[in-house]
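Here is a friendly briefing to keep beside you while you turn the model around on your screen. It starts with one sheet, then moves to a helix, a few loop residues and a buried arginine.

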Amino acid sequence: MSTDLYSERPLYGGAISSTFPNRFQDVSNIRQVPDHQEVFVDPARDESLIFELLDLKHEVGDDGSAVWFLQDLATEQEAEEGMVIEQSGVIDAPGLCYRNIPAVVTTAVGQMAISKGRQGREAQNIVKVYLANLRLKEVGTDVLITAYEPLHISPLSESASAVGAGLAVPATQAGCMPMADVFRLAVSSFKVNDWNLFGSSV
């Protein structure tokens with residue numbers, strides 16, 4: 001049973017908020033994070049949750065947008081053996097309404113082999129990646145919420161010293177909320193408190 005405590009967390013100076021477990025620490029307290037990102041990690045499990053605001057990609061269709069972003073992410077991270085495990089259709093997000101126009105939300109789950117930072121291919125970890133694309137068309141923004149769950153840690157990865165090499169300990173066994181649930185909670189509770197964040201045209 002999960003003993004994870006979770007709470008609503010302010011993002012982008014409180015203009016946005018989302019709810020997820022308290023064990024995820026704000027990376028900006030440790031190192032610089034780009035302005036368009038909010039990054040949270042649980043170092044004990046090498047799990048991470050990333051929120052990202054991007055300019056709306058008009059050329060990407062709503063229907064497969066989460067899969068498109070997942071594949072783009074795999075390319076960017078030079079992932080190997082990337083595969084999409086599942087994808088949702090389009091989900092409504094009643095909490096994300098701007099001028100009565102709801103956001104379009106799609107999700108995708110994939111698995112890929114990626115290495116940390118500058119580490120080479122021999123240090124690749126097998127990671128399950130959950131990605132949601134929240135399309136805020138009225139303000140020209142694609143929001144990405146990405147959750148990383150390591151399945152197998154390479155002994156050569158820098159993560160091995162923190163969490164141990166080999167198969168990752170299942171969340172339930174560790175008394176933690178499984179990443180699939182962390183992701184679902186973060187996406188379903190995501191809300192915009194101040195639309196001015198997206199520029200003066202709003």
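**The short version**

Strand 1 and strand 2 (residues 16–21) run antiparallel and are joined by six bridges. Please keep in mind that this is a predicted model. The protein has three helices and twelve strands, and 48% of its 202 residues count as buried.

**The whole protein**

- Among contacts with a separation of 6 or more, 60% are between residues 24 or more positions apart.
- The accessible surface comes to about 10,300 Å², and carbon and sulfur atoms account for 50% of that surface.

**The three-stranded sheet**

- If you follow the sheet across, the strand order is 1-2-12; the sheet is open, and its pairing is antiparallel.
- Strand 1 (6–11) and strand 12 (191–192) are the edge strands, each pairing on one side only.
- Where strand 1 meets strand 2, you can find Leu-11 opposite Ile-16 and Arg-9 opposite Ser-18.
- On the other pairing, two bridges join strand 2 to strand 12, and these strands also run antiparallel.
- Ser-17 has Lys-191 of strand 12 as its bridge partner.
- How many of the six residues of strand 2 are buried? Six of the six are, so strand 2 is largely enclosed by the rest of the structure.

**Helix 3 against the sheet**

- Helix 3 (residues 179–188) packs on the sheet and touches both strand 1 and strand 2.
- The direction of helix 3 makes about 160° with that of strand 2.
- Which residues of helix 3 are buried? They are Met-179, Ala-180, Val-182, Phe-183, Ala-186 and Val-187.
- These buried residues lie on the same side of helix 3, because they cover an arc of only 160° around the axis.
- The general pattern behind this is that an α-helix has 3.6 residues a turn, so residues three or four places apart point the same way.
- Arg-184 and Ser-188 are exposed, and they sit on the face of helix 3 turned away from its buried side.

**Two loop residues with positive phi**

- As background, most residues other than glycine have a negative phi.
- Tyr-12 is not a glycine, yet it has a positive phi of about 50°.
- You will find Tyr-12 in the loop between strand 1 and strand 2, a hairpin with four residues between the strands.
- Is Tyr-12 buried or exposed? Tyr-12 is buried, with a relative accessible area of 13%.
- Asp-46 is another residue to look at: it is not a glycine either, and its phi is positive at about 55°.
- Asp-46 lies in the loop between strand 4 (37–42) and strand 5 (47–55).
- The relative accessible area of Asp-46 is 18%, so Asp-46 falls under the 20% cut-off and counts as buried.

**Arg-45, in the loop with Asp-46**

- Arg-45 is also found in the loop between strand 4 and strand 5.
- Arg-45 is buried, with a relative accessible area of 14%.
- The side chain of Arg-45 is joined to that of Glu-47 by a polar contact of 3.1 Å.
- Arg-45 and Phe-24 are 21 residues apart along the chain, and their C-alpha atoms are separated by 9.9 Å.

**Arg-135, a buried arginine in strand 9**

- Arg-135 belongs to strand 9 (residues 125–136).
- What is the relative accessible area of Arg-135? The value is 2%, so Arg-135 counts as buried.
- The side chain of Arg-135 makes a polar contact of 2.7 Å with the side chain of Asp-142.
- Leaving aside neighbours within four places in sequence, the residues in contact with Arg-135 include Leu-56, Lys-57, Val-60, Gly-61, Asp-62 and Ser-65.
- Ala-103, Val-104, Thr-141 and Asp-142 are also among the contacts of Arg-135.

How values were computed:
Residues numbered from 1 in each chain as written. Predicted model: local features only at pLDDT ≥ 70, side-chain atom pairs only at ≥ 80, totals over all residues. Heavy atoms only, no water. Pairing = 2+ DSSP bridges. Contact = heavy atoms within 4.5 Å. Axes fitted to C-alpha atoms, helices over the stretch in contact; angles between N-to-C directions. Buried < 20%, exposed > 50% of the residue type's maximum accessible area, 1.4 Å probe, protein only. Polar contact = N/O pair within 3.5 Å; in protein donor to acceptor, adjacent residues only side chain to side chain. Arc of directions from axis to C-beta. Areas by Shrake-Rupley, 256 points an atom, 1.4 Å probe, with all protein chains shown as cover.
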